[in-house]
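User: Please take a close look at one part of this model, the place where helices pack together, and explain it step by step. I am in my first year, so give the cut-off for each term.

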Amino acid sequence: MMRSTFAGFTTATLAMSASQRALEVTGQNIANINTPGYTRQRLDVKSLYLKGGEFYNSHPNARIGFGVEITGVSQLRDPFLDIQYRMQMAKLGTTDAQVAGYEKLANILDETDRSGIEKALIDLNSQLQKLAQNPNSKEYDSMVRSSSQILLNLFHQNATDLQEVRTDLTKEFRDTTIKDLNKILQNIGELNESIKNSQILGNPALELKDERNELIDELASYLPITTKYRDHDLGAGFTVEELDIYFTDSEGVKYKLISDNLVGSLTAAVEGQPVKLYITDSYGKGPAEITDTVGDGVIKGTLDILNKSGPFDSPATDVKGIGYYEKSMDSLVAKLAET
């Protein structure tokens, strides 16, 4: 049996159609070159071969295909780079949160460009020396008392300011940071459902995947996370993609934060010290306390500033949080009063 006369026209038609679609995908990539979160796309094609060709007039290895077939559009995204990027985002989140806390403390304790405790101590020492040289002088006695009162007022003011920083950071942690994190989890869960529904209708939902990847990257700045994609079989050989997201604490305990459209959450207990953090997984198991095992991220950085006192902790910790400066101030005042 001879090959159809019009088979060459079919091959050419399919080739032109595939080339046209490839140009459209390229145009889409160029149009979104500055779009945040956009992932470059690629047209997927394969050689078209129809089974059941002539068996008697040609050897099977000499059969000729019928052109090119478009199989879909996919994203050019490297999972390995995603993992590395998200690991670094968690470390950056820790540093950023600590820096934000230290900036608030610097507004109170930085005395490089204004008068503060150091100047008040120098002034008190000077007045005490003058009083020692004139022990019966009421004038110098009043000046010593005045300098002492100024120093005392500064101690009180700094203590009050430190407490206000603690209160503000604690409120921000509970009402903003934790709520934003839980909102990200909810949005990812909703996108998982939308992506799955789109795939059921035959749409690869690449733009929705870009939106989800942006949220996952943002989530990685809060907590150390890992992602796992799996195919869900709908029958008849048709599958859709489902996503799970795990949080693993510093002791290796793994919590499933997201299981497709099921979503977990975090809560903070801020009454008293230290501030405590709890996690409930996507199946509703919990809450489990993870205050000291949260790992890297914005959450850890903020908890370090709120809960740790460095060498004043027992055992000593690695971060000098608000408690370090409060206890340093208390120690200085106690030593001054004793002296």
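Analyst: A residue is called buried when its relative accessible area is under 20%, exposed when it is over 50%, and partly exposed in between (1.4 Å probe, protein chains only). By that rule Asp260, at 5% relative accessibility, is buried. This is a predicted model, in which local features need pLDDT of at least 70 and side-chain atom pairs count only at pLDDT 80 or more, while totals for chains, interfaces and linings use all residues. Residues are numbered from 1 along each chain as its sequence is written, and side-chain values use heavy atoms, with hydrogens and water left out.

The part to look at is helix H4, residues 138-200. Helices (H or I, at least four residues) and strands (E, at least two) are DSSP runs, numbered from the N terminus. Two packed helices are described by the angle between their axes and the distance between the axes. Axes are lines fitted to C-alpha atoms, for helices over the stretch in contact, and angles run from 0 to 180 degrees between N-to-C directions.

Start with helix H3, residues 117-133, whose axis is 9 Å from that of H4 at an angle of about 160°. H3 and H4 are therefore roughly antiparallel (over 145 degrees; under 35 is roughly parallel, 65 to 115 roughly perpendicular, the rest oblique). Their crossing is left-handed (the near helix is turned anticlockwise from the far one by less than a right angle; clockwise is right-handed). Contact means heavy atoms within 4.5 Å. On the H3 side the contact includes Ile117, Leu121, Leu124 and Leu128, and on the H4 side it includes Tyr140, Val144, Leu151 and Phe155. The residues of this contact divide into 12 nonpolar, 4 polar and 3 charged. Here Ala, Val, Leu, Ile, Met, Phe, Trp, Tyr, Cys and Pro count as nonpolar, Asp, Glu, Lys and Arg as charged, and the others, Gly among them, as polar.

Next comes helix H2, residues 79-109, whose axis comes within 10 Å of the axis of H4 and crosses it at roughly 160°. That makes H2 roughly antiparallel to H4. H2 passes H4 in a right-handed crossing. Gly101, Lys104, Leu105, Ile108 and Leu109 of H2 meet Asn158, Asp161, Leu162, Val165, Leu169 and Glu172 of H4. Sorted by type, the residues of this contact are 6 nonpolar, 2 polar and 3 charged. Leu109 of H2 counts as partly exposed because its relative accessibility is 27%. Its C-alpha atom is separated by 23 Å from that of Ser126, 17 residues away along the chain.

Beyond H4, Ala205 sits in the loop between H4 and H5. Its phi is near 55°, a positive value in a residue other than glycine, and at 3% relative accessibility Ala205 counts as buried.

Helix H5, residues 206-220, has 15 residues and reaches 21 Å from its first C-alpha to its last, close to the 21 Å expected at 1.5 Å a residue (the expected span is 1.5 Å times one less than the number of residues). Its buried residues include Leu206, Leu215, Ile216 and Leu219. H2 and H4 are among the elements that cover the buried residues of H5.

H4 also has a place in the surroundings of helix H6, residues 298-307, where 10 of 10 residues are buried. The cover of H6 includes H2, H4, strand S8 (276-280) and helix H7 (322-338).
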